[in-house]
Structure formats: C-alpha cells, structure tokens
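Okay, thanks everyone, let's get going. I'll put the sequence and the model up, and then walk you through a few places in it.

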Amino acid sequence: MKPQPLTSAPSDAESRKAVAPVVCYPVERLPRPDLGAYRAVREDWTLVERVTVPAREAACFHAPAGHFVRILSVEGPQVGDLNLFNAADLTERFYSGKTRALCGTHVGPGDQLFSSFPTLRPMATITHDTLDWYGFDAFGGGVHDVIGTRCDPYTHSLLSDGGIYHHCCHSNLTRALAEETGLPLPEAERHVHDVLNVFMCTGFTRDTGQYFMKASPVRPGDYLEFFAEIDLLGCMSACPGGDCSTVHSSDVAACYPLLVEVYKPARLPAGWAPPAVNRYDRTHGTAL
Ligand SMILES: [Zn+2]
C-alpha cells in the first residue's frame with residue numbers, strides 16, 4: 001500500500017514509469033497439458049467418493065492419480081479454501097506462490113497446480129470451470145485466486161485487539177487434517193498451507209494495491225474440476241465468509257456447504273504419464 005510518497009519524483013520519473021513490463025516467468029517452454037486428451041475421458045467415468053463439507057468446517061478427501069475431482073456449489077453461494085497434499089508425503093503440498101508466478105493470479109482450465117520444493121511438479125490439472133466465462137471484471141477481480149492465503153485466527157486476533165474465532169479456514173483445515181491423519185493438532189497445523197481460493201472473487205485495488213474480495217458469482221450447480229496428477233489428499237474448508245461479499249472470520253455471513261466428488265475414468269488420457277519430480281540436482285552449487 002503506497003498512498004502518499006515521502007520523496008519527490010525525479011525529472012525523468014514519467015519515462016521510468018513508462019517502461020513496458022515483461023512477464024517474470026516466460027512459460028513458452030513450460031510443458032503444457034493436452035487439455036483435449038484429459039477432457040476426452042470425462043465422458044465415461046464412475047463416481048467413487050462424495051464428501052460434503054459442512055458450512056464453517058472442513059473435510060478431507062482422497063483422489064488417486066488419474067481420478068477427477070469436482071468441487072461443487074450447493075444450496076447457496078459459497079467459497080472454499082483448498083489444500084492439496086501428496087497422499088504419501090504431506091511435505092509435498094500445493095505451492096500457491098509458484099503456481100501464481102507460473103499461471104497468473106487466478107486459475108482456470110488448462111492451468112496446473114504445482115507442488116512445493118524440491119518436487120515442484122504439477123499436482124493437478126484444471127479440466128473444467130463453469131465460471132470461466134467471468135474472466136476479469138471492471139475492478140480487476142477474477143475467480144479462483146492464488147493470491148490470498150486463507151482466513152486465520154492469528155490475523156483475526158491482530159485486527160480485532162485479541163479477538164478469538166475458531167472457524168477460520170486455517171483452523172477448519174487444521175482440525176480436519178488432524179482428524180484424517182491422526183496427527184496431533186499442532187503438527188497438523190504445520191502442514192496447512194496457502195490455499196487455492198475456489199469460487200472466491202478477488203483482485204487488487206488499482207490505487208493502493210490492496211487485496212480485495214467481492215460477492216462470488218458462484219451459484220448452486222457451478223463447479224471447478226481438476227485431474228489428479230499424483231495421489232492426492234485434499235482438504236477443503238467452506239469459508240466462514242460465505243460468498244465473501246462482506247466479512248469473514250465471524251459467524252455473520254450466510255454460509256453453505258460445499259460438495260466434493262471424485263470420479264474414476266474408464267481410461268486414462270491419451271499420452272498421460274504421472275509427472276516426475278523436479279530434475280534439479282539439489283546441490284545448490286556445492287559438492288554433496
Ligand atoms: Zn476462509
């Protein structure tokens with residue numbers, strides 16, 4: 001947030017500011033998924049798991065590699081905070097920041113969700129989004145962001161003079177992961193990470209660069225769908241912000257459940273193979 005500069009502009013300020021930007025990570029050489037091959041196998045599949053995420057709570061689900069996951073809006077507009085893990089190794093988890101650097105601030109069909117270092121590989125590929133018509137609105141807002149973190153009781157405490165609220169997405173994810181894995185609560189909490197904000201409509205204000213949210217355009221029946229590139233443990237929170245049109249970190253907003261469905265296709269996408277872990281040798285310039 002930079003509202004009032006303390007320094008005066010140099011004489012060439014305008015020309016410096018007029019320099020055209022370049023994309024930080026040119027992705028021309030980034031291997032891209034064959035979205036058509038993924039979508040072709042969606043015609044013949046079997047529902048193998050259905051998990052309801054209660055409002056202001058979280059729930060876990062499993063999606064073996066080669067399965068599809070749908071996150072559905074039911075009953076009313078609701079956003080969800082998604083954590084993804086390698087089901088066999090919780091230290092490999094969704095890396096929101098690097099996914100943002102590679103895919104942009106909001107994700108959609110054809111984008112891949114990348115895992116943390118040192119594996120840094122696609123964990124999931126988005127195969128359908130009934131809200132992809134939204135694009136970016138006049139405020140710069142878009143749907144399904146990887147720019148927010150997750151609502152949490154620590155920030156809430158900072159902003160409310162020590163206020164306590166136990167159903168932020170961070171706490172919901174922590175409780176659900178502890179229950180799923182049997183880990184003690186403090187250990188489970190260490191695995192909770194920055195999320196994919198499913199259905200959330202967000203952006204940055206043009207004047208101050210602040211993170212904003214607005215009422216999600218999601219309606220019952222809408223869904224985001226992705227293909228599991230590796231065996232996934234997912235954890236989904238139905239945010240206490242509801243459609244995130246007003247407030248979160250409280251019981252004020254209207255909240256609804258979310259539904260997670262896992263589908264097993266009759267065949268795998270043509271040419272698909274599980275992604276290998278990252279090829280960097282991890283020597284960091286030294287002899288191991
Ligand atoms: Zn939340």
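Before I point at anything, one cut-off: a residue is called buried if 20 or more other C-beta atoms lie within 10 Å of its own, and exposed if that count is 12 or fewer. And please keep in mind that this is a predicted model.

So, buried or exposed: which is Arg56? Arg56 has 23 C-beta neighbours inside 10 Å, so it counts as buried. You'll find Arg56 in the loop that links β1, residues 45-53, to β2, residues 58-63. Which residues does Arg56 touch, if we leave out anything up to four places away in sequence? The contacts are His167, Asn172, Ala238, Pro240 and Cys255. Ala124, on the other hand, sits 25 Å from Arg56, C-alpha to C-alpha, with their positions 68 residues apart in sequence.

Now the sheet. In general, strands of a sheet pair through backbone hydrogen bonds, in either a parallel or an antiparallel way. Here we have an open sheet of 6 strands with antiparallel pairing, and the order goes β1-β13-β3-β11-β7-β6. Look at the edges: β1 and β6, the latter being residues 112-114, each have a single partner strand, so one side of each has no neighbour in the sheet. On average, neighbouring strands in this sheet are turned by 25° against each other, ignoring direction.

Let's zoom in on one pair. β3, residues 68-73, runs antiparallel to β13, residues 258-265, and 6 bridges join them. If you want one bridge to click on, take Val69, whose partner in β13 is Val262.

Last bit, the backbone oddities. As background, most peptide bonds are trans, and most residues other than glycine have a negative phi. Where is the cis peptide bond, with omega near 0°? That bond goes from Phe117 to Pro118, and Pro118 is in the loop between β6 and β7, the latter covering 122-129.

Then there are two positive phi values to show you. Asp161 is not a glycine, yet its phi is near 55°. Asp161 is in the loop between α4, residues 153-159, and α5, residues 169-181, and with 6 other C-beta atoms within 10 Å, Asp161 is exposed. Arg282 also has a positive phi, near 70°. Arg282 lies in the segment after β13, and it has 8 other C-beta atoms within 10 Å, so Arg282 is exposed.

That's my tour, thanks for listening.

Conventions: Residues are numbered from 1 along each chain as its sequence is written. This is a predicted model: local features need pLDDT of at least 70, side-chain atom pairs count only at pLDDT 80 or more; totals for chains, interfaces and linings use all residues. Helices (H or I, at least four residues) and strands (E, at least two) are DSSP runs, numbered from the N terminus. Two residues are in contact if their C-beta atoms, placed from the backbone, lie within 7 Å. Two strands pair if DSSP finds at least two bridges between them. Axes are lines fitted to C-alpha atoms, for helices over the stretch in contact, and angles run from 0 to 180 degrees between N-to-C directions.
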